[in-house]
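Welcome! Here is a short guided look at one protein model, written for someone meeting it for the first time.

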Amino acid sequence: MNRLPSATGAIYLQPVGDAVRLELLETLAARLAAVFGLSCRVLSVPVDPTPFFDPERGQYWATAILRELAAAVEGSAVRLLGITEADLFVPVLTFVFGEAQLGGQCALVSLHRLREEFYGLPPNPALLMERAVKEAVHELGHTYGLRHCSDWRCVMASTHSVERLDLKEPQFCPACRRIVMDPGNRS
Ligand SMILES: [Zn+2]
Ligand SMILES: [Zn+2]
């Protein structure tokens, strides 16, 4: 496990599994720093998702990984965003792009179904990054207490397909942005 300095409000990107490319994490960190106006750093030691693999589903249990991340941030004031190539599920759903603790410190995003290759299409690194930014901003938004937004362009709009994900903006609508930027919500 990585040791986390407790810089208030900083966002740390935590690779989950060793398949996540560092270059992608660094680019994502720069994009998130710009959206949230916070420092965003990439942690070097990956978390092992193997204990959370469900052999019957062939997927990893998102909630259990989140719990593992939450244990790592206990006593600190940082946000921790797990990024994985693993396909994630929660028991009631076929899959999830990600999951977050509402009003908590931890969130998790899977790149698995954000890749064009998953849909039998040629790789598109630029599109993958746009999708990863939207999904990461969305899940982090939940940690600021935001629920799903009825504005379909807002990054907090609920999306269950990449088609819908591609339609929305990589940022918050004014109402959601006000909540994220509230000084009381920054610690
Ligand atoms: Zn959501
Ligand atoms: Zn919104």
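A good place to begin is strand β4 (residues 59-61), which runs parallel to β6 and is joined to β6 by two bridges. Across this pairing, W61 stands opposite F89 in β6. Please keep in mind that this is a predicted model.

These strands belong to an open sheet of three strands, ordered β3-β4-β6, with mixed pairing. Its edges are β3 (53-54) and β6 (88-89), each of which pairs on one side only. Helix α2 (residues 62-73) lies across β4 and β6, and runs at about 50° to β4.

Now let us turn to strand β8. Is β8 (residues 106-110) mostly covered or mostly uncovered? The strand is mostly covered, as five of its five residues are buried. In a regular strand, side chains alternate between the two faces of the sheet. In β8, C106, L108 and S110 point one way, while A107 and V109 point the other way, and all of them are buried.

β8 has pairings with β5 and β7. Strand β5 (residues 79-84) pairs with β8 in the parallel sense, and L81 stands opposite A107 there. Strand β7 (residues 98-100) runs antiparallel to β8, with G98 and V109 as bridge partners. The hairpin of β7 and β8 has five residues between the strands, and in this hairpin G103 takes a positive phi near 70°.

The table gathers three of the strand pairings.

| Strands | Sense | Bridges |
|---|---|---|
| β4 and β6 | parallel | two bridges |
| β5 and β8 | parallel | five bridges |
| β7 and β8 | antiparallel | three bridges |

Further along the chain comes helix α3 (residues 125-143). Its 19 residues, at 1.5 Å a residue, should span 27 Å, and this agrees with its end C-alpha atoms, which are 27 Å apart. Just after α3, G145 takes a positive phi of about 90°.

Finally, step back to the whole protein. It contains five helices and eight strands, following the pattern β-α-β-β-β-α-β-β-β-β-α-α-α along the sequence. The C-alpha trace spans about 45 × 35 × 35 Å along its principal axes. How does the radius of gyration fit a compact globule, and what value does the protein have? For 187 residues a compact globule would have a radius of gyration near 16 Å, and the protein has 15 Å, which agrees. Buried residues make up 39% of the 187 residues. Among contacts between residues at least 6 apart in sequence, 64% join residues at least 24 apart.

Technical notes. Residues are numbered from 1 along each chain as its sequence is written. Chains are lettered from A and ligands numbered from 1 in the order in which they are written. This is a predicted model: local features need pLDDT of at least 70, side-chain atom pairs count only at pLDDT 80 or more; totals for chains, interfaces and linings use all residues. Helices (H or I, at least four residues) and strands (E, at least two) are DSSP runs, numbered from the N terminus. The expected span of a helix is 1.5 Å times one less than its number of residues. The radius of gyration is taken over C-alpha atoms; the globule rule is 2.2 Å times the number of residues to the power 0.38. A residue is buried if 20 or more other C-beta atoms lie within 10 Å of its own, exposed if 12 or fewer, and partly exposed in between; C-beta atoms are placed from the backbone. Two residues are in contact if their C-beta atoms, placed from the backbone, lie within 7 Å. Two strands pair if DSSP finds at least two bridges between them. Axes are lines fitted to C-alpha atoms, for helices over the stretch in contact, and angles run from 0 to 180 degrees between N-to-C directions.
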